[in-house]
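Here are some short exercises to work through with the structure open beside you. Try each task yourself before reading its solution.

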Amino acid sequence: MEKTNVERIKLCCAKCGFTIEEYTATELAEVPRKAKRYKYLLNKSSICPTCLASGRLKEVRTTEEATAAPAPQVEANSSTAAPVQHEAVPDSPTPMMDELAKGPWPSHAKELKQTKYPVPMYEEALQKRTTQWGYGGYVSLPGVAAGVLVRASARPDITKGSNFLRIMDPCGNFFKTDAMRGLCDIADKYAYGLLHLLSTGGDLEMLGIPTENLRPAVAEINKLGFDVGSTGDDYRTSEECVGPAKCDLALYDTLGFRYAWYQRFLDDIQYPRFPHKVKCKFSGCPNDCVRGAQKTDIFVVGVFRDLPRIDQQKVKAWVKGGGDIGLICTRCPGGCMQWDQAKGLSIDGDSCYRCMYCINKVSGIRPGGDRGVAILVGGKMRGKYGPMLAKVLVPFMKAEPPHYKEVFDVIEKLTEVYDANARKKERLGDFLLRIGMNEFFQLMGIEPSPLLLGQPRTNLYYHWEREEVKDERQP
């Protein structure tokens, strides 16, 4: 076995030693994106997510031995079959893409060559095992303040940077066939002939549009009935679960809610004005199929206040058919379920979390009838202080269609507070970490509720408000 030395570089909190980022020396030498982030973090003041200490990060370099397995040796007289040798295309400029195109199955490499995409960039990425495109910023056009992004080229000798458009998709991603054909025709006419369906933010993206083609492309997209937006420091394109269109667990109409959200906040989607981007997701129930609690600054989720509804006959039929009701009761997070062969299933309301576990497992249990939404804030997957889960701002409120005015008033208020008090390029979650939820509740004018408890106290010390503290040392 061959042994090699691997140098690792860690950026750690100077106080507690918590590792914020970790790289290898090879990564910093070969991956420009990681080298750029490493220099950025090294030269800025950061807050440790563990001890909350503020200051410069400490660089720690270590060397480890790594063992690489040697390539297997095949004996000349071995009875095992020799590896298949593919015929190389003579003098092909894209040998690795040609290899991907072989075989009876459809090949994305083969299809890519039929578009206007600069295939040498993809071949270079395969050979170097990293993309040759980089982030290039946003572009604003007269009348189009958001929706246009630039992809910078790391190989200007192959191609220059290109633009792409973010197009707002219809609710539930239900596209009419003639609309989709129209978008494909525009992509063929003005761009590479490629559509990105769909991005993690729920956008439809049209790739490879030269700057001179942006205005006519946007004009034709608007004629089809679509808007562009969702770039810069604005509301990004929201994403919702399919909701009542397909799922019987939806506790509010996510599709209608998202449509009303566009009607209310379209200007803030297309014209950036916030300290940083604001992502929104809408889930019909606590199952959270769109991962809103993990990924978005503002998350609206369907909830119910009463107990789950139990159809005892269906539950008994489920048990009779082989369902393990004992396992369900044991694994209930709140420990609130009891099963009696004669009386059936019962739920203790004081211990029930309304977490959907039993509802997902047993066909005879459905969500309660007192339904509404909860509003959570501050979730994100990455950023200055790393991933954060969203925190509950409003545990329950009614969502009244078709305008959902009460819910949208709260969302508008919290974004105004964020806009007025956050620092430039500070995500909502980072803003909450800096000022604390207590001050955010005061700015929002919302009375904190015991329902907002994150976790039990770990000590008995009471944190008094500053104005309540009296200095008894004064005469």
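**Exercise 1. Build the sheet**

Keep in mind that this model is predicted. Find how many bridges join E13 to E18, and work out the strand order of the sheet they belong to.

*Solution.* Start with the pair itself: E13 and E18 run antiparallel and are joined by seven bridges. Within this pairing, Ile298 stands opposite Val377 of E18.

Next, step across to E19. E18 and E19 are also antiparallel, with four bridges between them. Two pairs of residues help you see this: Ile375 has Val394 of E19 as its bridge partner, and Leu376 stands opposite Val392 in E19.

Now put the strands in a row. The order is E11-E12-E13-E18-E19, an open sheet of five strands with mixed pairing. E11 (239-240) and E19 are the edge strands, each with a single partner, so one side of each has no neighbour in the sheet.

**Exercise 2. Cover the sheet**

Decide whether E18 is mostly covered or mostly open, and find which helices pack on the sheet.

*Solution.* Begin by counting: six of the seven residues in E18 are buried, which makes this strand mostly covered. "Buried" here stands for under 20% relative accessible area.

Then look for the helices. H13 lies across E13, E18 and E19, at about 155° to E19. H15 packs on the sheet too, where it touches E18 and E19, and its direction makes about 45° with that of E19.

**Exercise 3. Look inside the core**

Find which element gives the most residues to the largest nonpolar core, then list the contacts of Leu414.

*Solution.* First, the core: it has 40 residues, and Tyr235, Trp261, Leu393, Leu414 and Phe440 have the most contacts inside it. Among the elements giving two or more residues are E13 (298-304), E18 (371-377), E19 (391-397), H13 (405-421) and H15 (437-444). H13 gives the most, with seven residues.

Now zoom in on Leu414. Beyond its neighbours within four places in sequence, Leu414 contacts Ile298, Ile375, Val377, Leu393, Leu428, Phe440 and Met444.

**Exercise 4. Read a two-sided helix**

Explain why the buried residues of H6 line one face of the helix.

*Solution.* List the buried residues of H6 (177-190): Ala179, Met180, Gly182, Leu183, Ile186, Ala187 and Tyr190. Seen down the helix axis, they fall within an arc of 155°, so they line one face of H6.

Check the other side: Thr177, Asp178, Arg181, Asp185 and Lys189 are exposed. Finally, find what the buried residues pack against: E8 (162-167), E9 (194-197), E10 (204-209) and H7 (214-223).

Terms used: Residues are numbered from 1 along each chain as its sequence is written. This is a predicted model: local features need pLDDT of at least 70, side-chain atom pairs count only at pLDDT 80 or more; totals for chains, interfaces and linings use all residues. Side-chain values use heavy atoms; hydrogens and water are left out. A nonpolar core is a set of buried Ala, Val, Leu, Ile, Met, Phe, Trp, Tyr and Cys residues joined through side-chain atoms within 4.5 Å. Buried means under 20% relative accessible area, exposed over 50%, partly exposed in between (1.4 Å probe, protein chains only). Contact means heavy atoms within 4.5 Å. The expected span of a helix is 1.5 Å times one less than its number of residues. The arc is that of the directions from the helix axis to the C-beta atoms. Two strands pair if DSSP finds at least two bridges between them. Axes are lines fitted to C-alpha atoms, for helices over the stretch in contact, and angles run from 0 to 180 degrees between N-to-C directions.
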